[in-house]
Amino acid sequence: MTAKLDYHWRLRQVMATRGMFATTDLLGPLAQRGIRLSSSQVYRLVTVRPERLSLKVLMALLDILDCSIDELIEAAAAGPAEKTRTARGVGGAGVGDLRPKRARIAPR
């Protein structure tokens, strides 16, 4: 019997641990490395598990986030299909307590 393999794409979590909470935070660093992606392409890269990924983009992400491939892609045994998330990311997409602090404006 052949083992079925799967993976978890952890880009959003790795970005959150580095203090990058907006998907557009990747636009500038990717452009500095010669990778031109639209904001919608970067959004999909962060929020949706990619089926295909350029090695240049992968290497740029590893360099930008100063992480290893093991942190970005977690191997997992294949199981039942995951429920799809809504565009708003209901369920927190696994970032939990890593959300930025809400700003407070003090009166003068």
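These legends walk through several close-up views of a predicted model.

Some ground rules come before the pictures. Because the model is predicted, local features need pLDDT of at least 70 and side-chain atom pairs count only at pLDDT 80 or more, while totals for chains, interfaces and linings use all residues. Residues are numbered from 1 along each chain as its sequence is written, and side-chain values use heavy atoms, with hydrogens and water left out.

**View 1. The whole chain has 5 helices and 2 strands.** Helices (H or I, at least four residues) and strands (E, at least two) are DSSP runs, numbered from the N terminus. Follow the sequence along and you get the pattern β-α-α-α-α-α-β. Of the 108 residues, 26% count as buried; buried means under 20% relative accessible area, exposed means over 50%, and partly exposed is in between (1.4 Å probe, protein chains only). Take the contacts (heavy atoms within 4.5 Å) with a separation of 6 or more: 69% of them are made by residues 24 or more positions apart.

**View 2. Here is the largest nonpolar core, with 20 residues.** A nonpolar core is a set of buried Ala, Val, Leu, Ile, Met, Phe, Trp, Tyr and Cys residues joined through side-chain atoms within 4.5 Å. Those with the most contacts inside this core are Leu-11, Met-15, Leu-26, Leu-30, Leu-61, Leu-65 and Leu-72. Helices α1 (11-17), α3 (39-47) and α4 (55-65) each supply at least two of the core residues. Which helix gives the largest share? That's α4, with 7 residues. As background, nonpolar side chains tend to be buried together in soluble globular proteins. Zoom in on Leu-11 and, leaving out residues up to four places away in sequence, you find it touching Leu-26, Leu-45, Val-46, Leu-61, Leu-65 and Leu-72.

**View 3. Met-15, in helix α1, meets Thr-23, from the loop between α1 and α2 (27-32).** Met-15 counts as buried because its relative accessibility is 2%. Not counting neighbours within four places in sequence, Met-15 is in contact with Met-20, Ala-22, Thr-23, Leu-26, Val-46 and Leu-65. One of those partners, Val-46, is 31 residues from Met-15 in sequence, yet the two are 8.9 Å apart in space, C-alpha to C-alpha. Is Thr-23 buried or exposed? Thr-23 has 16% relative accessibility, so this residue counts as buried too. With the same neighbours-within-four rule, Thr-23 is in contact with Met-15, Val-42, Tyr-43 and Val-46.

**View 4. Helix α3 has three residues to look for, Val-42, Leu-45 and Val-46, which are buried.** They cover an arc of only 95° around the axis, so they sit on the same side of α3. The arc is that of the directions from the helix axis to the C-beta atoms. What covers the buried residues of α3 includes β1 (5-9), α1, α2 and α4.

**View 5. Helix α4 shows off its buried residues: Val-57, Leu-58, Ala-60, Leu-61, Leu-62, Ile-64 and Leu-65.** Their cover includes β1, α1, α2, α3, α5 and β2 (73-77). At the start of α4, a side-chain oxygen of Ser-54 reaches to within 3.2 Å of the backbone nitrogen of Lys-56. Just after α4 comes Asp-66, with a positive phi of about 50°. Asp-66 lies in the loop between α4 and α5 (69-72), and since its relative accessibility is 65%, Asp-66 counts as exposed.

**View 6. Arg-33, in the loop between α2 and α3, touches Ala-60, Asp-63 and Ile-64, not counting residues up to four places away in sequence.** The side chains of Arg-33 and Asp-63 make a polar contact at 2.7 Å. A polar contact is a pair of N or O atoms within 3.5 Å; within protein, one must be able to donate a hydrogen and the other to accept it, and residues adjacent in sequence count only if both atoms are side-chain atoms. Arg-33 is partly exposed because its relative accessible area is 35%. The C-alpha atoms of Arg-33 and Ile-64 are separated by 9.1 Å, although the residues are 31 apart along the chain.

**View 7. The charged end of Arg-49 sits over the ring of Tyr-7, 4.4 Å from its centre.** A charge sits over a ring if NZ of Lys or CZ of Arg is within 6 Å of the ring centre and within 35 degrees of the ring normal.
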